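Me: I should like to work through this model by question and answer. Please reason briefly each time and close on the value or name requested.

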Amino acid sequence: MPSPEPTVSTANVAEQLVRLTRRMHRAQKHHLEHLDIAFTPAQSRLLRIVDHYRDAPPRMADLAERLEVVPRAVTTLVDGLEAHGAVRRVPDPANRRVVRIELTDTGRSTLRALRSARRAAAEEILAPLTAEQRQVLGGLLSTLVDGAGKPH
């Protein structure tokens with residue numbers, strides 16, 4: 001009788017995901033070292049979120065909601081990005097009491113560099129996998145990401 005396949009515990013998978021995430025961050029940081037980009041992961045995420053609002057720059061409240069943080073935390077992130085020239089605060093044309101955040105040219109070029117570093121880091125990490133394995137992993141990750149936020 002063949003022996004059953006070993007089971008992978010949920011705790012082990014969780015640990016592997018954490019280790020992979022840390023490895024990805026280290027690899028991305030390595031690829032950014034020569035670019036003189038000193039943004040935190042939270043600031044980088046905020047840049048990506050601002051970029052997703054193509055039609056109208058987001059309000060601070062929109063960013064706080066997307067980041068799942070209190071508005072004060074967004075203010076701190078925006079202050080840092082604004083000091084680097086990556087974003088600017090602009091008044092809402094419909095309501096001057098509302099402040100919107102938009103990317104500057106510097107912010108857009110920084111975002112391109114961050115995305116390039118992320119792709120290079122992913123290539124480095126995925127190098128040992130065959131094309132078929134990458135496709136399977138991509139499908140599994142899509143299932144996990146798309147399933148996030150759905151009630152269980």
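Reply: Helices here are DSSP runs of H or I with at least four residues, numbered from the N terminus. The model under discussion is predicted.

Me: Where does L129 lie, given the helices α5 and α6?

Reply: Helix α5 covers 105–126 and helix α6 covers 131–147. L129 therefore belongs to neither run by the DSSP assignment of helices. Its place is the loop between α5 and α6.

Me: Is L129 buried, partly exposed or exposed, and which residues does L129 contact beyond its neighbours within four places in sequence?

Reply: Buried requires under 20% relative accessible area and exposed requires over 50%. L129 has 28% relative accessibility, so L129 counts as partly exposed. Leaving aside neighbours within four places in sequence, the residues in contact with L129 are R134 and L137.

Me: What distance separates the C-alpha atoms of L129 and A86?

Reply: Along the chain, L129 and A86 are 43 residues apart. In space, their C-alpha atoms are separated by 36 Å.

Me: Which feature does UniProt place at residues 10–146, and how much of that stretch is helix?

Reply: The unreviewed UniProt entry gives "domain: HTH marR-type" for residues 10–146. Over this stretch the end C-alpha atoms are 19 Å apart. Strand accounts for 7% of the chain there, and helix for 69%.

Me: How are α2 and α4 oriented to each other: roughly parallel, roughly perpendicular or oblique?

Reply: Helix α2 spans residues 41–52 and helix α4 spans residues 71–83; their axes are 10 Å apart and the packing angle is about 85 degrees. Angles of 65 to 115 degrees count as roughly perpendicular. α2 is therefore roughly perpendicular to α4.

Me: Which residues make that contact of α2 with α4, and how many of them are nonpolar?

Reply: From α2 come A42, Q43, L46 and L47, and from α4 come L77, V78, G80 and L81. By class, the contact has no charged residues and two polar ones, while the nonpolar residues number six.

Me: How does α2 meet α3, and what is the handedness of the crossing?

Reply: The axes of α2 and α3 (residues 60–67) come within 11 Å and cross at roughly 120 degrees. The two helices are therefore oblique to each other. Their crossing is right-handed.

Me: Which residues form the contact of α2 with α3, and how many are charged?

Reply: α2 contributes R45, L46, I49 and V50, and α3 contributes L63, R66 and L67. In this contact of α2 with α3, five residues are nonpolar, none is polar, and the number charged is two.

Me: Which residues of α3 are buried, and what covers them?

Reply: The buried residues of α3 are M60, D62, L63, A64 and L67. Their cover includes α2, α4, β1 (87–91) and β2 (99–103).

Me: Is S44 buried or exposed, and which residues does S44 contact beyond its neighbours within four places in sequence?

Reply: S44 lies in helix α2. Its relative accessibility is 7%, so S44 counts as buried. Apart from neighbours within four places in sequence, S44 is in contact with F39 and L114.

Me: Is T76 buried, partly exposed or exposed?

Reply: T76 lies in helix α4. Because its relative accessible area is 45%, T76 is partly exposed.

Methods:
Residues are numbered from 1 along each chain as its sequence is written. This is a predicted model: local features need pLDDT of at least 70, side-chain atom pairs count only at pLDDT 80 or more; totals for chains, interfaces and linings use all residues. Side-chain values use heavy atoms; hydrogens and water are left out. UniProt positions are given in the numbering used here, feature names are shortened, and annotations may be inferred rather than shown by experiment. Axes are lines fitted to C-alpha atoms, for helices over the stretch in contact, and angles run from 0 to 180 degrees between N-to-C directions. Angles under 35 degrees count as roughly parallel, over 145 as roughly antiparallel, 65 to 115 as roughly perpendicular and the rest as oblique. Contact means heavy atoms within 4.5 Å. Ala, Val, Leu, Ile, Met, Phe, Trp, Tyr, Cys and Pro count as nonpolar, Asp, Glu, Lys and Arg as charged, and the others, Gly among them, as polar. Buried means under 20% relative accessible area, exposed over 50%, partly exposed in between (1.4 Å probe, protein chains only). A crossing is left-handed if the near helix is turned anticlockwise from the far one by less than a right angle, and right-handed if clockwise.
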